[in-house]
Amino acid sequence: MQSALQNPEKPEKEERRSPGTPIIAGVVVLSIGLSLWFLFHGPTAGPPTYQRTVNLKMAPAEQAYLKNIRIEGIALSRAENFIRQEVTILSGEVVNDGPENIQLLSLTVEFADSMNQIALREARSVLKAPSAALSPGERRPFEISFDHVPSSWNMQQPYVRASYLQFSRRK
């Protein structure tokens, strides 16, 4: 031990590097680089809380008819589901103010955050094919449950609009 203290320039035994060390270092640097690239160049459609939906095609007449659908009596409530999670429930009525029978109808619901940016957007069907068509002038209640509304939600009533419809087929 004394010889090491007397001659600090000459180590007692030489350190040897593993030949895999540069490879492992390269993999780590590459992983960090890819992670940063995906962080800054990832999907730009919105935060991960947005539910991606398929845009269904509507005929021009159906697209124009969307203005005849009213949503009334919107109310929010909270409940506990069977696995003891809190669920947000949106209920209301859809009203058909036009002259056509509607077989399928979907609503888009948007929850905003404190900066009035969209925290969650989901499209849900409120009329499905086996149900009776929504006749002109008719109103029908609906209820939509949300298992997870982001904590950034501003606790205000969400924006609800008709986003898809399909007329009943005439026989």
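With which side chain does the side chain of threonine 88 make a polar contact? In this predicted model, the partner is the side chain of arginine 78, at 2.3 Å. Threonine 88 has its place in strand 2, and with a relative accessible area of 3% it is buried. If its neighbours within four places in sequence are left aside, the residues in contact with threonine 88 include Leu76, Ile144, Phe146 and Trp153, and two of these names, Phe146 and Trp153, return in the aromatic cluster described below.

**Strands 2 and 5**

Strand 2, which covers residues 86-96, runs antiparallel to strand 5, and eight bridges join them. Within this pairing, valine 94 stands opposite arginine 140 of strand 5. In a regular strand the side chains alternate between the two faces of the sheet. Strand 5 shows such an alternation: Arg140, Phe142, Ile144 and Phe146 point to one face and are buried, while Arg139, Pro141, Glu143 and Ser145 point to the other face and are not buried.

**The aromatic cluster**

A pair of aromatic rings is described by the distance of the centres and the angle of the planes. The model has three aromatic pairs. In one of them, the ring centres of phenylalanine 111 and phenylalanine 146 lie 5.1 Å apart with their planes at 85°, and because planes over 60 degrees apart count as edge-to-face, this pair is edge-to-face. Phenylalanine 111 belongs to strand 3 (residues 102-112) and phenylalanine 146 to strand 5 (residues 139-146), so the pair ties together parts that are 35 residues apart in sequence. Phenylalanine 111 also forms an edge-to-face pair with tryptophan 153, with 5.1 Å from centre to centre and 90° between the planes. Since tryptophan 153 lies in the loop between strand 5 and strand 6, this second pair ties strand 3 to a part that is 42 residues away in sequence. Ring pairs thus link Phe111, Phe146 and Trp153 into a cluster. Phenylalanine 111, at 0% relative accessibility, counts as buried, and tryptophan 153, at 9%, counts as buried too. The ring of phenylalanine 146 has a further partner, for the charged end of arginine 124 sits over it, 4.8 Å from its centre.

**Salt bridges**

The structure holds eight salt bridges, and the table gives three of them.

| Salt bridge | Distance, N to O |
|---|---|
| Aspartate 97 and arginine 70 | 2.3 Å |
| Arginine 139 and glutamate 93 | 2.7 Å |
| Arginine 124 and glutamate 122 | 2.6 Å |

Aspartate 97 lies in the loop between strand 2 and strand 3, whereas arginine 70 lies in strand 1, so their bridge ties together parts that are 27 residues apart in sequence. Arginine 139 lies in strand 5 and glutamate 93 in strand 2, so their bridge ties together parts that are 46 residues apart in sequence. A network of salt bridges links Arg70, Glu72, Glu93, Asp97 and Arg139. Arginine 124, whose charged end sits over the ring of phenylalanine 146, is partly exposed at 23% relative accessibility, while glutamate 122, its salt-bridge partner, is buried at 10%.

**Two loop residues with positive phi**

Asparagine 116, in the loop between strand 3 and strand 4, has a positive phi of about 60° although it is not a glycine, and its relative accessible area of 63% makes it exposed. Methionine 155, in the loop between strand 5 and strand 6, is likewise not a glycine and has a positive phi of about 65°; at 61% relative accessibility, methionine 155 counts as exposed.

Technical notes: Residues numbered from 1 in each chain as written. Predicted model: local features only at pLDDT ≥ 70, side-chain atom pairs only at ≥ 80, totals over all residues. Heavy atoms only, no water. Phe/Tyr/Trp six-rings, centres within 6.5 Å; stacked < 30°, edge-to-face > 60°. Helix = DSSP H or I, 4+ residues; strand = E, 2+ residues; numbered from the N terminus. Buried < 20%, exposed > 50% of the residue type's maximum accessible area, 1.4 Å probe, protein only. Lys NZ or Arg CZ within 6 Å of the ring centre and 35° of its normal. Pairing = 2+ DSSP bridges. Polar contact = N/O pair within 3.5 Å; in protein donor to acceptor, adjacent residues only side chain to side chain. Contact = heavy atoms within 4.5 Å. Salt bridge = Lys/Arg side-chain N within 4 Å of Asp/Glu carboxyl O.
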